[in-house]
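Biologist: Hey, got a minute to walk me through this one? Could you pull it up first?
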Amino acid sequence: MVEHKGTIVVTGRGGTGKSSFTTLLSRYLGEKGVEPLLLVDSDPDESLAEMIGIDLEKQKKRSIADVLSEILEERKMARMSGMTPTDKIEPFLFQESLYEGRNFFDFIGVGTKWIAGCYCLPDRSLGQIMDMWGTNYEYVIVDSPAGVEHLNRRITKKVKDVFNILDPSKKSFDNAARSYKIMKDVDIEFDNYYIVGGYRFPKSLEKQAEEQPFTYLGKIEEDPEIMEYNLEGKSLLDLPETSPAYQSVKKILEKAGY
Ligand SMILES: Nc1ncnc2c1ncn2[C@@H]1O[C@H](COP(=O)(O)OP(=O)(O)OP(=O)(O)O)[C@@H](O)[C@H]1O
Ligand SMILES: [Mg+2]
């Protein structure tokens, strides 16, 4: 039996390095033998799979939104009377969306918008399925799209740690405050809300970060190799152990108790 320890959410403004951080966080936990992990890409951009070295097309896996749209459009569910919507949907998603890695993690992509119309059913079902599946993993790690809008979908309702990755702008500090408030307002529980300097965050702003009402854990070092790997579509799991970015992420996570 796996002891489920919780959900980790990585959030922040666009391009601050959220997906790279998510990948290095997963790598760090994997190297420590903390497994299995479920990685959830909730960004419609769907770039996390590549960063972590999965070719979803080759694996014949589609995003949750794609599978759900198909189910709802084809009215497949109508033929399965007597079950809750979630029970009907779950086996399809398990089969067609969940990538089961041989490595230390599984992966799922939430994908882009649902079909036109009401989001309530798919969002609620996805939330229930996440709760159900989550208990099979030591940690569920969610990479978020930029901004705060996604929080309203409440796909995760109970979170252990939130990491907000900052860029050097007032907007970034504002984003941290806003997403904190929205999470409180929409009743997403969390134990810790951390802020982390992204790779473009200068040392000179660290004092300001420390004055925020959130725990500042340090900054992610800039690393040209990350850019190179991302450009070439190479997995960040293969970055050299000595990568300054990876080393800085490790320190940040140690501070957070990982
Ligand atoms: N530590 C780093 N050093 C140098 N470049 C980095 C670092 N981390 C990320 N980058 C670069 O910054 C860009 C954005 O990174 P990433 O995709 O991780 O950010 P993001 O916050 O997930 O973006 P989005 O908001 O689009 O999802 C990429 O080109 C990436 O290569
Ligand atoms: Mg991203």
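Modeller: Sure, and keep in mind that this is a predicted model. Let's start with overall size: a compact globule of 258 residues would have a radius of gyration near 18 Å, and the chain has 18 Å, which agrees.

Biologist: How many helices and strands does the chain have?
Modeller: Nine helices and eight strands.

Biologist: And what share of the residues is buried?
Modeller: Buried residues make up 40% of the 258 in the chain.

Biologist: Let's pick one helix. What span should H6 have?
Modeller: H6 covers residues 170–185, which is 16 residues, so at 1.5 Å a residue it should span 22 Å. Its end C-alpha atoms are 22 Å apart, which agrees.

Biologist: Which residues of H6 are buried?
Modeller: Ser-172, Phe-173, Asn-175, Ala-176, Ser-179, Tyr-180 and Met-183. Looking down the axis of H6, the buried residues fall within an arc of 155°, so they line one face of the helix.

Biologist: Why would residues that aren't neighbours point the same way?
Modeller: An α-helix has 3.6 residues a turn, so residues three or four places apart point the same way.

Biologist: What covers the buried residues of H6?
Modeller: The cover includes strands S1 (6–12), S6 (158–166) and S7 (189–197). On the face turned away from the buried side, H6 carries exposed residues, among them Lys-170, Asp-174 and Lys-181.

Biologist: New topic: which residues are closest to ligand 1?
Modeller: Lys-18, Ser-19, Ser-20, Tyr-199 and Asn-230, out of 19 that surround ligand 1. Helices H1 (18–31) and H8 (224–232) are the elements that each give two or more residues to that shell.

Biologist: How does the shell divide by residue type?
Modeller: Six are nonpolar, eight polar and five charged.

Conventions: Residues numbered from 1 in each chain as written. Chains lettered and ligands numbered in written order. Predicted model: local features only at pLDDT ≥ 70, side-chain atom pairs only at ≥ 80, totals over all residues. Near = placed C-beta within 6 Å. Helix = DSSP H or I, 4+ residues; strand = E, 2+ residues; numbered from the N terminus. Nonpolar A, V, L, I, M, F, W, Y, C, P; charged D, E, K, R; others polar. Rg over C-alpha atoms; globule rule 2.2 N^0.38 Å. Buried ≥ 20, exposed ≤ 12 C-beta atoms within 10 Å, placed from the backbone. Expected span 1.5 Å × (residues − 1). Arc of directions from axis to C-beta. Contact = placed C-beta atoms within 7 Å.
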